[in-house]
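Below is a short briefing for a reader who is new to this model. It goes through backbone features, charged pairs, aromatic rings and one helix in turn.

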Amino acid sequence: MKIIRLFLLFSLFVSCSGCDTSTTPDPAVIVDPPVVVDPPLSEEVILNMAQKDALKYFVEYAQSNSKLARERYHVDDTGNDANIVAIGGSGFGLMTLLVGIERNFISKADAVSRLTTMLDFLEKADRFHGAWPHWIDGNTKKVIPFGSDDDGGDLVETSFLCQGLICVREYFKNGTPEEIALAEQADRLWKGVEWDWYTKGEEVLYWHWSPNYAWKKNFKLEGYNECLITYIMAKSSPTHPISNACYNKGWARNGGIKNPALRFNIPVVFNYNGASGNVGPMFWAHYSHLGLDPRGLSDQYANYWELTQNHAKIMYQYCVTNPLSWKGYSDKCWGLTASYTRNSNGSVGYTDHKPGNDRGVISPTAALSNFPYTPVESMKFLRYLYEENKAKYVGVAGPYDAISPHYNWVTKRYLAIDQGTIAPMIENYRTGMLWNLFMQAPEVKAGLIDLGFNSTQHGF
């Protein structure tokens, strides 16, 4: 199998785990007519179902030794990449486990035991100036190269993990001695990242560093995409912080990050990399905001609730308008993001679905992780999955990664980074749990204030 990495910046690539360009066609899927549940499930019941199913990916289908998240799981090929651990997806898995505890899907004792194994592994795993690589072998703790010159630290995936470590620390810091020890371990791990190293002494962060290839990839983190959380983590670090200029000149491009364009008469707010005047794949509103609460959050460049909610609304309107006339797109079947895809020859590939790159493939994580932004529209999609099409589209760990009503196609596969945003974002919609944990962290609050952020939701 050939693995590629697609970075979305500069309209060329997208950051994510699990880029799969296998040319083996997916087997035919169940074509039974939709089964409608009557009466409809209550909101509490159906949301619990979705969250519990997503948790299964990180418990029942985790890498066996480390208990961290497998990069992918193929229902019809369960041994595929069984020991490839996804660092970013594991960060999302940490947060999913916390939701599982709160919802009584997993006992706290079992979760603490599992989390201790995970953090013990991370403490001994390969790191590069504190940053973990994109992939790690779940047995040996050694880096698995993500590409020919990508065998070192991946700062963006590391920031996704650190977002989860902060939440773990905050959740357990006042618990039993075992829980406090877990919180202290999470604290040590995130504070070990040398964020300032990844500036090369410049006023911008760089994505990669390798002991074998140094800065060869030379990939600057410039907004807007999913990397906001990387800058927030880097600024909030009490051990290796970056400067304000790094955020303002590097990420915000001295104000060039802003864009006045409208889509469906809705402001796009920011200049989406590779989609200027339009919006990018939906995960850009998810990865940074599993913990970073956009409600009432603003800085000199944007109101982040407007930014993320508008992104979701534009994506919904695009799918309902359906300019390419794909069969099945509707007000209850919508959502484009990076995921597995159907190639033109019927084989399974990977791409960053978005307006401008619409293949007739819906990624369930897009609408489900949008619950805080579009609760009514997201609930319609959830019912479409679980009440009308469960036999076709929902498998052993929740909705499959990608579906296409137009082609009567589904890939019976899962990706950690896609399953990992569902339970946390639904919980943020329900209770704000992960948002509250992350935003109460004193370093995060201090970092945001120093950068000029205000939060009416969290009182600063």
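Tyr224 sits in the loop between S6 and H6, and the peptide bond leading into Tyr224 from Gly223 is cis, with omega near 15°. Most peptide bonds are trans, and most residues other than glycine have a negative phi. The model is predicted, and the points below describe it by topic.

**Backbone**

- Asn104 is not a glycine, yet its phi is positive, at about 60°.
- Asn104 belongs to the loop between H2 and H3 and is exposed, with a relative accessible area of 69%.
- Asn322 also has a positive phi without being a glycine, here of about 55°.
- The loop that holds Asn322 runs between helix H8 (304-321) and strand S10 (338-342).
- Asn322 is buried, its relative accessible area being 12%.

**Annotated domain**

- In an unreviewed entry, UniProt lists residues 218-441 as "domain: Glycoamylase-like".
- Over residues 218-441 the chain is 35% helix and 13% strand.
- The end C-alpha atoms of residues 218-441 are 32 Å apart.

**Salt bridges**

- The structure holds 21 salt bridges.
- One of them joins Glu123 and Arg188, whose closest N and O atoms are 3.4 Å apart.
- Glu123 lies in helix H3 (residues 108-124) and Arg188 in helix H5 (residues 177-191), so this pair ties together parts that are 65 residues apart in sequence.
- Both ends of this bridge are partly exposed: Glu123 has a relative accessible area of 36%, and Arg188 has 46% relative accessibility.
- Glu222 and Arg253 form another salt bridge, with 3.8 Å between the closest N and O atoms.
- Glu222 is in the loop between strand S6 (208-209) and helix H6 (228-236), and Arg253 is in the loop between helix H7 (244-251) and strand S7 (262-263), so the pair ties together parts that are 31 residues apart in sequence.
- Glu222 is buried, with a relative accessible area of 16%, whereas Arg253 is partly exposed at 28%.
- Arg383 forms a salt bridge with Glu387, and their closest N and O atoms are 2.6 Å apart.
- Arg383 and Glu387 are 4 residues apart in helix H10 (residues 375-388), so about one helical turn separates them.
- Glu387 is buried, with a relative accessible area of 6%.
- A network of salt bridges links Arg169, Glu170, Lys173, Asp187, Lys191 and Glu443.

**Aromatic rings**

- A pair of aromatic rings is described by the distance of the centres and the angle of the planes.
- The structure holds 34 aromatic pairs.
- Among them, Tyr57 and Phe58 form an edge-to-face pair, 5.2 Å centre to centre with 70° between the planes.
- Tyr57 is buried, with a relative accessible area of 0%, and Phe58 counts as buried at 3% relative accessibility.
- Tyr272 and Trp284 have ring centres 5.8 Å apart and planes at 5°, so this pair is stacked.
- Tyr272 lies in the loop between strand S8 (266-267) and strand S9 (297-298), and Trp284 lies in the loop between S8 and S9, so the pair ties together parts that are 12 residues apart in sequence.
- Tyr272 and Trp284 are both buried.

**Charges over rings**

- Lys200 lies over the face of Tyr206, at 4.3 Å from the ring centre.
- Arg413 lies over the face of Tyr340, at 5.5 Å from the ring centre.

**Helix H3**

- H3 has 17 residues, and from its first C-alpha to its last it reaches 24 Å, close to the 24 Å expected at 1.5 Å a residue.
- The buried residues in H3 include Ala111, Val112, Arg114, Leu115, Met118, Leu119, Phe121 and Leu122.
- Helix H1 (43-59), helix H2 (87-102), strand S3 (135-137), helix H4 (155-172) and H5 are among the elements that cover the buried residues of H3.
- H5 thus appears twice beside H3: among the elements covering its buried residues, and as the helix that holds Arg188, the partner of Glu123 in H3.

How values were computed
Residues numbered from 1 in each chain as written. Predicted model: local features only at pLDDT ≥ 70, side-chain atom pairs only at ≥ 80, totals over all residues. Heavy atoms only, no water. UniProt positions renumbered as here; feature names shortened; annotations may be inferred. Helix = DSSP H or I, 4+ residues; strand = E, 2+ residues; numbered from the N terminus. Salt bridge = Lys/Arg side-chain N within 4 Å of Asp/Glu carboxyl O. Buried < 20%, exposed > 50% of the residue type's maximum accessible area, 1.4 Å probe, protein only. Phe/Tyr/Trp six-rings, centres within 6.5 Å; stacked < 30°, edge-to-face > 60°. Lys NZ or Arg CZ within 6 Å of the ring centre and 35° of its normal. Expected span 1.5 Å × (residues − 1). Contact = heavy atoms within 4.5 Å.
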